[in-house]
Amino acid sequence: MTQSAPREERPVVGTVDAVVIGAGHSGLATSRYLTKRSIEHVILERGEVANSWRRERWDSLQLLTPNWQSRLPGYSYQGSDPDGFMTMPEVVEFIDAYAEIIAAPVRTGTTVTSVRPDDQKYRVITDRGEWRCRVVVIASGGFNIPLVPAINQAVPSSIAGFTPQQYRNSSQLEDGGVLVVGASATGLQLANEIHNSGRPVTLAVGEHIRMPRIYRGLDIQWWLDAAGILDERFDEVDDIVRARRIPSPQLVGTPERSTLDLNVLTNIGVKLVGRLVGINNGKAQFSGSLLNHCKMADLKLHRLLDTIDEWADESGKSDDVDPPERFAPTRVEDSPRLGLDLESGQVRSIVWATGFRPDYSWLHVPVLDHKGQIRHSGGVADAPGMYVLGLTFLRRRKSSFIHGAEDDARDLTDHLAGYLDSCARRGAVSAEA
Ligand SMILES: Cc1cc2nc3c(=O)[nH]c(=O)nc-3n(C[C@H](O)[C@H](O)[C@H](O)COP(=O)(O)OP(=O)(O)OC[C@H]3O[C@@H](n4cnc5c(N)ncnc54)[C@H](O)[C@@H]3O)c2cc1C
């Protein structure tokens, strides 16, 4: 007797036009547009609404985008502190309330374990049954898995390692020195917090984006927003592959609205070193490129400020705000250290603030490139009826931010509706034939 290959059998829960995977803000914004177009859909969420903000962020995190910028289709911040920065419970409340207001058809506690093509449709298999649909919208997040470089394998076992998803607060760390690897928003914020807990911090710095919190009296996000910089489209930049790799800006949201850059960290005693490039026989090796990386970041910052100043002049805004300013260069020691003995006891913990990647381990559609990323053009995936949202510079510079979802979700829902119409037309023609 021959045995057929095991098939994932689950009861079919339903057939809908579209399945949205993920009830973060991207999935919910899409749902709002699908509802407006009367497109039947369901949102499948493995945890709760706003799960990433509930489960995957450290305790002290506040948004680096101001409250006024937290806006979703038909919904925006209505509180009394538009210039403040939401804490994680506030973000959860904001997104939860949105899900309720738009009556999003969310099925919580439902993990998608597999998506497969099935005769011009998709089978979406979950731990609570199976769905059939013409369209799949992947809104499962761009930051699911912390990226940790392979050299972490060579870290001596006496040192505890933490990703930003494992780190909650400094009480988890042993007393003693901490090496923070990575100088984007996450690395700077954690280096600052850990230093303030009394532990000596060394920060390994590679390519980074320097930004002041306040420029000419206004929040830097106000300038980026008003000058249209955040609206720059994926098909307008010279090198979108590179643009999608640019790290998050060195910003922090605090009640004081203070700037957090490398000079601020140097002033409080954090030691800067170059990129961590290897660990040999228990010794961490740092590249000699620290000065270059800092000079490049200073240069890019001043180019950005030039663009903002030009826009301010052209738009007449210059008359209402403070005069242009330029910031002191990033200070770097003459000979920053190139090595650190990890077995000497100076370092007890390493925090890997080296980025994140999405998790598509459940996606069994031939749409992933050699790096495991979805091949797509502005969110229209390279498979009929498949869409993705919430990734860095997906359609616009702002795509991975809360305020970026509105335009992207609207554009992609327009495309998706056209796709469903064409399916319906094809169906009608074959029925007539
Ligand atoms: C540390 C950090 C700080 C950030 N700070 C800001 C900020 O200040 N301002 C800002 O605008 N943006 C910020 N962002 C970026 C961005 O807004 C968030 O990453 C946001 O969570 C992305 O929303 P999303 O809806 O695309 O994805 P997510 O919020 O990650 O939502 C995806 C959802 O999909 C679910 N899911 C995943 N896989 C499955 C599956 N197989 N089956 C079912 N459900 C699944 C998850 O549980 C999750 O709820 C930050 C990101 C990070 C990582």
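Here are some numbered notes on this predicted model, in the order I would walk a colleague through it.

1. Let's start with the aromatic residues. A search over the whole structure turns up nine aromatic pairs. One of them joins Tyr215 and Phe327: the ring centres are 6.3 Å apart and the planes meet at 50 degrees, so this pair is classed as tilted. An angle of 50 degrees is neither under 30, which would make the pair stacked, nor over 60, which would make it edge-to-face.

2. That pair is also a link between distant parts of the chain, with 112 residues separating its two members. Tyr215 belongs to strand 13 (residues 214-215), while Phe327 sits in the loop that runs between helix 8 (290-315) and strand 18 (339-341). Their surroundings are worth noting too: Tyr215 is buried, at a relative accessible area of 0%, whereas Phe327 is partly exposed, at 23%.

3. A second pair to look at is Trp222 with Trp223. Here the ring centres lie 5.1 Å apart and the planes stand at 85 degrees, so the arrangement is edge-to-face. Trp223 counts as buried, with a relative accessibility of 0%, and Trp222 is partly exposed, with a relative accessible area of 25%. Ring pairs tie Tyr215, Trp222, Trp223, Trp311 and Phe327 together into a cluster.

4. Another ring has a charge for company. The charged end of Arg57 sits over the ring of Trp53, at 4.3 Å from the ring centre.

5. You may enjoy the second largest pocket, which holds about 190 Å³ of space. Its lining is made of 14 residues, and Ser60, Gln189, Asn192, Val252 and Thr254 are the closest to the pocket centre. Which element gives the largest share of that lining? Helix 4 (residues 185-196) does, with three residues. Sorted by class, the lining of the second largest pocket has eight polar residues, five nonpolar and one charged.

6. On to the strands. Strand 6 (residues 112-118) and strand 7 (residues 121-126) are antiparallel partners, joined over six bridges. Within this pairing, Arg116 has Arg123 of strand 7 as its bridge partner. Strand 6 and strand 7 make a hairpin with two residues between them, and Asp119 in the turn shows a positive phi of about 50 degrees.

7. Strand 11 (residues 177-181) and strand 12 run the other way about: their pairing is in the parallel sense, over four bridges. Val180 is the residue opposite Leu203 of strand 12. Are the faces of strand 12 covered on which sides, one or both? Both are covered, with Val201 and Leu203 buried on one side and Thr202 and Ala204 buried on the other.

8. Just a little backbone geometry now. Most residues other than glycine have a negative phi. Ser38 has a positive phi of about 55 degrees although it is not a glycine. Ser38 lies in the loop between helix 1 (25-36) and strand 2 (41-44), and Ser38 is exposed, with a relative accessible area of 66%.

9. Arg216, also not a glycine, has a positive phi of about 50 degrees. Arg216 is placed in the loop between strand 13 and strand 14 (218-219). Is Arg216 buried or exposed? Arg216 is buried, because its relative accessible area is 3% and the cut-off for buried is under 20%.

10. Finally, two loop residues with some distances attached. Met211 lies between strand 12 (201-204) and strand 13, in the connecting loop, and Met211 is buried at a relative accessible area of 9%. The C-alpha atoms of Met211 and Gly14 are separated by 48 Å, and the two residues are 197 apart along the chain. Gln373 lies in the loop between strand 20 (356-357) and strand 21 (376-377), where Gln373 counts as partly exposed at 29% relative accessibility. From C-alpha to C-alpha, Gln373 and Val205 are 26 Å apart in space, with a sequence separation of 168 residues.

Key: Residues are numbered from 1 along each chain as its sequence is written. This is a predicted model: local features need pLDDT of at least 70, side-chain atom pairs count only at pLDDT 80 or more; totals for chains, interfaces and linings use all residues. Side-chain values use heavy atoms; hydrogens and water are left out. Rings of Phe, Tyr and Trp (its six-membered ring) pair if their centres lie within 6.5 Å; planes under 30 degrees apart count as stacked, over 60 as edge-to-face and the rest as tilted. Buried means under 20% relative accessible area, exposed over 50%, partly exposed in between (1.4 Å probe, protein chains only). A charge sits over a ring if NZ of Lys or CZ of Arg is within 6 Å of the ring centre and within 35 degrees of the ring normal. On a 1 Å grid over the protein atoms alone, a cavity is a set of points where a 1.4 Å probe fits but cannot get out, and a pocket is an open set with protein on both sides within 12 Å along at least five of seven lines; lining residues have an atom within 4 Å of a point. Grid points are joined across faces, edges and corners, and a volume is the space filled by probe spheres set on the points. Ala, Val, Leu, Ile, Met, Phe, Trp, Tyr, Cys and Pro count as nonpolar, Asp, Glu, Lys and Arg as charged, and the others, Gly among them, as polar. Two strands pair if DSSP finds at least two bridges between them.
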